[in-house]
Structure formats: C-alpha cells, structure tokens
Amino acid sequence: GRYTFTGLTASTQYTLGVRAVCGEGNYSDWTVTTVTTEAHPCYAPTAVTATNPTFDGATIAWTVGEEGQSNFELHITAAGVDTLFATTSNPVTVTGLPSATAYTVTVRAICGEGDYSEWSTPANFSTATCQMVEGVRASATTATTATITWTANGSSSYEVAYGITGTSRENCRRLTANTNSITINGLTEATTYDVYVRSVCSEGVTSDWSDV
C-alpha cells in the first residue's frame with residue numbers, strides 16, 4: 001500500500017505508523033518509522049534591474065523568488081569596490097559609490113539564519129560622471145578684486161581655489177559658488193594669482209580641478 005502525507009513542516013522529524021484493520025475493532029500492532037522532511041528551498045531572486053543611475057549610486061529592484069521573502073543581501077562589485085549589505089527594501093536606492101564607475105550587482109534572499117539562496121543573475125550599471133569645468137577666465141579685475149567666470153555644466157555648485165602664483169592647490173583658499181561666476185575680494189594689488197574651479201555634483205562627489 002501507499003499513502004502520501006501532506007501539509008507537513010519543512011526540516012521537521014515525524015513519527016509515522018501503519019497498522020492493519022482486520023475487522024471492526026480488530027487491528028494489528030503499529031509498525032512505526034521516523035522520517036525528516038527536506039529543508040524548504042530558499043529560492044533566488046530573479047529579474048534584477050539597476051535604473052536611475054546617479055553620481056554615487058542607482059536604484060536596484062528584483063522579483064522575489066517566492067512570495068513572502070523580505071530579507072535580502074546585495075553584492076556590488078567594481079574595480080576596487082566590493083560592497084555587501086543587507087536590506088528589507090525592494091527596490092532599494094544605493095548611494096555612496098564612486099562616480100564614473102561601472103558596477104555589477106547581484107541579489108540573494110535570506111530565508112533564515114545561515115540560510116541563503118543562490119545569487120541572482122547579475123545586472124550592470126554605471127554611475128554618472130561629474131564633468132570637469134571648462135572655460136575658466138578672469139572677466140574683470142580691480143586692484144583688490146577679480147571676477148572669475150566659467151562655462152556652466154549643470155552642476156549643483158562649484159568650488160573655487162585661488163592663491164598667489166606658485167602656491168600649491170592644496171594650500172589655496174577655497175570658495176563655493178552656486179552659479180558659474182564668483183568675485184574674489186581682498187586680493188593684493190599688482191599680484192598674479194592662480195585660480196582653479198571644479199564641479200560639485202552631489203555631496204562628496206566632485207570633478208577633477210580645471211586647468212589653472
């Protein structure tokens with residue numbers, strides 16, 4: 001004979017018994033055995049996408065491998081970058097990555113302590129490039145001031161460094177401009193200065209400095 005038990009719990013040991021019914025109220029002894037159900041598979045996420053890339057991240061989304069999955073791990077890699085973090089959000093917005101870099105991201109489900117799915121098929125994305133400033137020039141000078149302009153490139157703000165010619169850029173004074181123009185005050189008359197400008201694309205994300 002054969003009988004299939006259903007509705008059991010995964011990874012659980014059960015005692016099962018069989019006895020013969022020889023007549024009304026007349027039974028054989030039980031023949032007993034134990035079985036352990038298999039572990040429930042932890043199914044991997046599928047259809048991973050990386051959209052809306054920014055200067056320091058992107059939005060990652062995926063299809064859960066099984067209804068009810070709510071804990072996941074993301075693995076993001078690039079040259080010199082290897083980031084692993086857990087999340088309960090889907091989609092999730094990733095930030096804090098270097099700009100102008102190509103990345104690969106995979107996702108796996110966390111089904112319990114030490115119980116992980118396989119990694120998903122990877123998705124690729126690239127963070128945006130923070131454009132270098134061009135066209136820097138001194139449009140007007142006086143004995144103690146200079147107005148510096150440059151070509152606007154859509155950056156949220158700009159950083160200006162200036163110092164007497166020969167001063168290293170690291171030792172230059174710094175100013176912040178919200179437009180593509182700034183007036184520097186308090187200069188020394190009849191003195192030559194060097195000035196550099198760079199784009200500030202988002203918090204912590206800047207371009208290379210312009211030529212002097």
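**Notes on a stretched-out, all-strand chain**

1. Let's start with a cysteine: Cys172 is buried, with a relative accessible area of 7%. (Buried means under 20% relative accessible area, exposed means over 50%, and partly exposed is in between, using a 1.4 Å probe and protein chains only.) Its sulfur is too far for a bond with any other cysteine sulfur, because the closest, in Cys130, is 19 Å away.

2. Some housekeeping. This is a predicted model, in which local features need pLDDT of at least 70 and side-chain atom pairs count only at pLDDT 80 or more, while totals for chains, interfaces and linings use all residues. Residues are numbered from 1 along each chain as its sequence is written, and side-chain values use heavy atoms, with hydrogens and water left out.

3. What is the chain built from? There are 19 strands and zero helices. (Both are DSSP runs numbered from the N terminus: H or I over at least four residues for a helix, E over at least two for a strand.) The chain is more spread out than a compact globule, because its radius of gyration is 32 Å, well over the 17 Å that the globule rule gives for 212 residues. That radius is taken over C-alpha atoms, and the rule is 2.2 Å times the number of residues to the power 0.38. The C-alpha trace spans about 120 × 25 × 25 Å along its principal axes.

4. Now the inside and the outside. Of the 212 residues, 31% are buried. The exposed area of the chain is about 13100 Å², with carbon and sulfur atoms supplying 47% of it; such areas come from the Shrake-Rupley method with a 1.4 Å probe, and for residues only the protein chains shown count as cover. Among contacts with a separation of 6 or more, 56% are between residues 24 or more positions apart, where a contact means heavy atoms within 4.5 Å.

5. How many disulfides are there? The count comes to two, taking a disulfide as a pair of cysteine sulfur atoms within 2.5 Å. Counting bonded cysteines along the chain, the pattern is 1-2, 3-4.

6. Take Cys42 and Cys111, whose sulfur atoms are 1.9 Å apart. The torsion about their S-S bond is about 80°, so this disulfide is right-handed. Cys42 is in the loop between β4 (31-36) and β5 (46-51) and Cys111 is in strand β10 (residues 102-112), so the pair ties together parts that are 69 residues apart in sequence. Cys42 is buried at 13% relative accessibility, whereas Cys111 is partly exposed at 36%.

7. Then there is the bond between Cys130 and Cys201, with sulfur atoms 1.9 Å apart. This link is right-handed too, at 90° about the S-S bond. Cys130 is in the loop between β12 (123-126) and β13 (137-141) and Cys201 is in strand β18 (residues 193-202), so distant parts of the chain, 71 residues apart, are linked. Are these two cysteines buried or exposed? Both Cys130 and Cys201 are buried.

8. One more cysteine to look at is Cys22, which is exposed at 55% relative accessibility.

9. Finally, a look at the start of the chain. Thr9 is in the segment before β1 (13-18) and is partly exposed, at 47% relative accessibility. Which residues does Thr9 touch? Leaving aside residues up to four places away in sequence, Thr9 touches Tyr14 and Thr37. Thr9 and Ala39 are 30 residues apart in sequence, and their C-alpha atoms are 9.0 Å apart in space.
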